[in-house]
Amino acid sequence: MAVQHANDDNFANMLGNGLTLVDFWATWCGPCRMFGPIFESVSDQITDVNFIKFEIDETNRRTPAKYGIRSIPCVMAFKNGDLVETRTGVMDPDTLMGWIKELQGA
């Protein structure tokens, strides 16, 4: 499934039903730039999960503040719009896919 892009204005409406992973990142963040292609590659392989990227910048501060994001990259997992788990730092493809399988089984 293609990665969607969110901002403060549309974030809540994008969570929807089922499992959604949100990658909070910034263009100036080296680890974020390393993780971005991994996140996008996994999104191409797993079609029953929603993948969203949320760039933290000057115009998108409300949502990261609401969720207390202090370190990026930060991936938050939502089920039916409810936050269920958060992980920070770069994950390799196998780790990300394993986490998704855990989330789908829970």
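Helices (H or I, at least four residues) and strands (E, at least two) are DSSP runs, numbered from the N terminus. Keep that in mind for names like β4 and α2 on this tour. One more thing before you click around: what you have open is a predicted model.

**Stop 1: the sheet**

Start by colouring the strands. You should find an open sheet of five strands, in the order β1-β3-β2-β4-β5, with mixed pairing. Which strands are at the edges? They are β1 (4–6) and β5, each of which pairs on one side only. Now turn the view a little: on average, and ignoring direction, neighbouring strands of this sheet are turned by 25° against each other.

In case you're wondering what links strands, those of a sheet pair through backbone hydrogen bonds, either parallel or antiparallel.

**Stop 2: the helices on the sheet**

Add α2 to your selection. This helix packs on the sheet and touches β2, β3 (50–55) and β4. The direction of α2 makes about 160° with that of β3. Next, add α4, which also packs on the sheet, touching β2, β3, β4 and β5. Its direction makes about 140° with that of β2.

**Stop 3: where two helices cross**

Hide the strands for a moment and keep α2 (residues 30–45) and α4 (residues 93–105). Their axes come within 10 Å and cross at roughly 50°, so the two helices are oblique to each other. The crossing of α2 past α4 is right-handed.

Show the side chains here. From α2 come F35, I38, F39, V42 and Q45, and they meet P93, L96, M97 and I100 from α4. What kinds of residues make this contact? By class, there are eight nonpolar, one polar and no charged residues.

**Stop 4: zoom in on L96**

Pick L96, in helix α4. Is it buried or exposed? With a relative accessible area of 0%, L96 is buried, because buried means under 20%. Now light up what it touches. Not counting residues up to four places away in sequence, L96 touches L21, F35, I38, F39, V42 and M91. For a distance check, try T27: it is 69 residues from L96 along the chain, and their C-alpha atoms are separated by 21 Å.

**Stop 5: strand β4 and its partners**

Bring the strands back and select β4 (residues 74–79). Five of its six residues are buried, so β4 is largely enclosed by the rest of the structure.

Look at each partner in turn. Six bridges join β4 to strand β2 (residues 19–25), and the two run antiparallel. Click T20 and you can find F78 in β4 standing opposite. Then move to strand β5 (residues 82–88): six bridges join it to β4, and this pair runs antiparallel too. Here A77 has E85 in β5 as its bridge partner.

**Stop 6: the turn at N80**

Follow β4 into β5. The two strands form a hairpin with two residues between them. Select N80, in the loop between β4 and β5. What is its phi? The value is near 50°, a positive phi in a residue other than glycine. N80 also counts as exposed, because its relative accessibility is 52% and exposed means over 50%.

**Stop 7: the bond before P73**

Go to P73, in the loop between α3 (62–66) and β4. Look at the peptide bond from I72 to P73: this bond is cis, with omega near 0°. For comparison, most residues other than glycine have a negative phi, and most peptide bonds are trans.

**Last stop: A6**

Finish in strand β1, the place of A6. A6 has a relative accessible area of 9%, so it is buried. Which residues should you light up around it? Leaving aside its neighbours within four places in sequence, A6 is in contact with F11, M14, I52, K53, F54 and E55. Then put a distance label between A6 and N60: they are 54 residues apart in sequence, and 9.3 Å apart in space, C-alpha to C-alpha.

Notes. Residues are numbered from 1 along each chain as its sequence is written. This is a predicted model: local features need pLDDT of at least 70, side-chain atom pairs count only at pLDDT 80 or more; totals for chains, interfaces and linings use all residues. Side-chain values use heavy atoms; hydrogens and water are left out. Axes are lines fitted to C-alpha atoms, for helices over the stretch in contact, and angles run from 0 to 180 degrees between N-to-C directions. Angles under 35 degrees count as roughly parallel, over 145 as roughly antiparallel, 65 to 115 as roughly perpendicular and the rest as oblique. A crossing is left-handed if the near helix is turned anticlockwise from the far one by less than a right angle, and right-handed if clockwise. Contact means heavy atoms within 4.5 Å. Ala, Val, Leu, Ile, Met, Phe, Trp, Tyr, Cys and Pro count as nonpolar, Asp, Glu, Lys and Arg as charged, and the others, Gly among them, as polar. Buried means under 20% relative accessible area, exposed over 50%, partly exposed in between (1.4 Å probe, protein chains only). Two strands pair if DSSP finds at least two bridges between them.
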